[in-house]
Amino acid sequence: MNNFKALGVFLLGMGLLLAAVRPQAADAGESLAGTWTLVAADVIHADGSRTRDYGAAPKGLLIVDNEGRYSLQIFKSERAKFASANKQAATPAEYESAVLGSSTHYGKLTADFASSTLTFKIESASFPNWEGQDQVRKFKLEGDELSYSVPPRPDGNTPISVWRRLK
């Protein structure tokens with residue numbers, strides 16, 4: 001009987017050890033699951049200055065499920081409404097405002113807490129060039145605030161997104 005007890009203690013100890021040393025890369029659902037609201041959508045310029053990238057009061061929602069599936073939307077509040085109720089009758093300026101005033105994508109999100117990186121495996125996006133890409137972003141998670149930087153744009157500017165978890 002003592003051998004069974006010793007075996008049980010050994011197996012429990014091994015389970016705890018394996019749990020403690022498991023890889024730090026995990027589905028983001030492990031700690032990022034929930035609904036997040038956009039706090040800031042800024043851009044850091046090559047000279048180090050920071051400005052608003054989606055206007056003074058951007059709106060956005062990031063939803064992450066327990067398996068790391070995500071849906072993300074960012075909108076510039078100041079987007080002009082179309083003059084026509086028919087979306088297909090918009091002017092080139094209206095289309096430009098709509099496209100440049102929004103960023104949306106969805107797919108699978110993983111987090112590597114050891115290297116502080118998120119990987120967005122983008123399935124579909126409002127910017128079609130991102131579809132099928134894996135995009136890695138440096139992140140910070142402090143309590144209910146998540147912030148990350150997007151890869152720099154061709155002009156050297158780096159977008160920054162800040163989200164707050166909703167209760």
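**Fold and core of a predicted protein chain**

From the N terminus on, the elements of the protein chain run α-β-α-β-β-β-β-α-β-β-β-β-β. This is a predicted model, in which local features need pLDDT of at least 70 and side-chain atom pairs count only at pLDDT 80 or more, while totals for chains, interfaces and linings use all residues. Residues are numbered from 1 along each chain as its sequence is written, and side-chain values use heavy atoms, leaving out hydrogens and water.

Student: How many helices and strands does the protein chain have?

Tutor: Helices (H or I, at least four residues) and strands (E, at least two) are DSSP runs, numbered from the N terminus. Counted in this way, the protein chain has 3 helices and 10 strands.

Student: Which element gives the most residues to the largest nonpolar core?

Tutor: A nonpolar core is a set of buried Ala, Val, Leu, Ile, Met, Phe, Trp, Tyr and Cys residues joined through side-chain atoms within 4.5 Å. The largest one has 21 residues, and L118, L146, Y148 and W163 have the most contacts inside it. Elements that give two or more residues include β2 (34–44) and β9 (145–149). The element that gives the most, with 4 residues, is β7.

Student: Is I74 buried or exposed?

Tutor: I74 is found in strand β5. Buried means under 20% relative accessible area, exposed over 50%, and partly exposed in between (1.4 Å probe, protein chains only). Because its relative accessibility is 6%, I74 counts as buried.

Student: What separates the C-alpha atoms of I74 and T37?

Tutor: Along the chain, I74 and T37 are 37 residues apart. Their C-alpha atoms are separated by 9.6 Å.
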